[in-house]
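Dear colleague,

I am passing on a structure for you to look through, and my notes on it follow below. Please read them with the coordinates open beside you.

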Amino acid sequence: MNLKDCYIKLGGDFNEVLGRLRREQIIQKFIYKFLDDKSFLLFEASMENKDYVEALRAVHTLKGICQNLSFTRLFESSSLVTKALKEDDWNKALDMMPQLSKDYYETIDVIVDFKSTQGE
């Protein structure tokens, strides 16, 4: 699998991120760093603890990372949850968590799969 295939599988926009970061090596470096980002896990824990201020901060961070890396599908679901939390609609945010979780773990799985094909 090449980097463009990776982006297709994770529901991202390869041409957009290439236009922003200019080199495939830089894109690859940052998608690998995404594997270590704790924003989603912090979001989940904060929602479970009903700490909606921290949950908003965490999901907003995730949204920004996804926007910068052109992870379109994950950006869209994190944006919807961010909007719900900004509007203090906790129930709506809770209802959207399964989709956000699905998008997040699919993204992680694709990146891990891509990384394994690169011999890393």
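Where in helix α7 do K102 and E106 lie relative to each other, and by about how many helical turns are they separated? Both belong to helix α7, which covers residues 90–117, and because they are 4 residues apart there, about one helical turn separates them. Before going further I should say that this is a predicted model, and that what follows should be read accordingly.

The side chains of K102 and E106 meet in a salt bridge, with a distance of 3.0 Å from N to O. K102 is partly exposed, since its relative accessibility is 44%, and E106 also counts as partly exposed, in its case with a relative accessible area of 29%.

This pair belongs to a wider set, for a search of the whole structure finds 5 salt bridges, and I describe two others here. In helix α5, R57 forms a salt bridge with E54, and the closest N and O atoms of that pair are 2.5 Å apart. R57 and E54 both lie in that helix, 3 residues apart, which is about one turn. R57 is partly exposed at 45% relative accessibility, while E54, at 22%, also counts as partly exposed; as the buried class ends at 20% relative accessible area, E54 falls outside it with its 22%.

The other pair is E87 and K83, whose side chains meet in a salt bridge at 2.8 Å, N to O. E87 has a relative accessible area of 45% and is therefore partly exposed, and K83, with a relative accessibility of 44%, is partly exposed as well.

I also looked at S70, which sits in the loop between α5 (52–69) and α6 (72–86). Is S70 buried or exposed? With a relative accessible area of 2%, S70 is buried, and the threshold that matters for this assignment is under 20%.

As for what surrounds this serine, and leaving aside residues up to four places away in sequence, S70 touches Y7, G12, D13, E16, V17 and R20. With one of these, V17, there is a polar contact to report, in that the side chain of S70 reaches the backbone nitrogen of V17 at 3.4 Å. A further link to that part of the chain is given by G11, which is 59 residues from S70 in sequence, although the two C-alpha atoms are 8.9 Å apart in space.

With best regards

Key:
Residues numbered from 1 in each chain as written. Predicted model: local features only at pLDDT ≥ 70, side-chain atom pairs only at ≥ 80, totals over all residues. Heavy atoms only, no water. Helix = DSSP H or I, 4+ residues; strand = E, 2+ residues; numbered from the N terminus. Buried < 20%, exposed > 50% of the residue type's maximum accessible area, 1.4 Å probe, protein only. Contact = heavy atoms within 4.5 Å. Polar contact = N/O pair within 3.5 Å; in protein donor to acceptor, adjacent residues only side chain to side chain. Salt bridge = Lys/Arg side-chain N within 4 Å of Asp/Glu carboxyl O.
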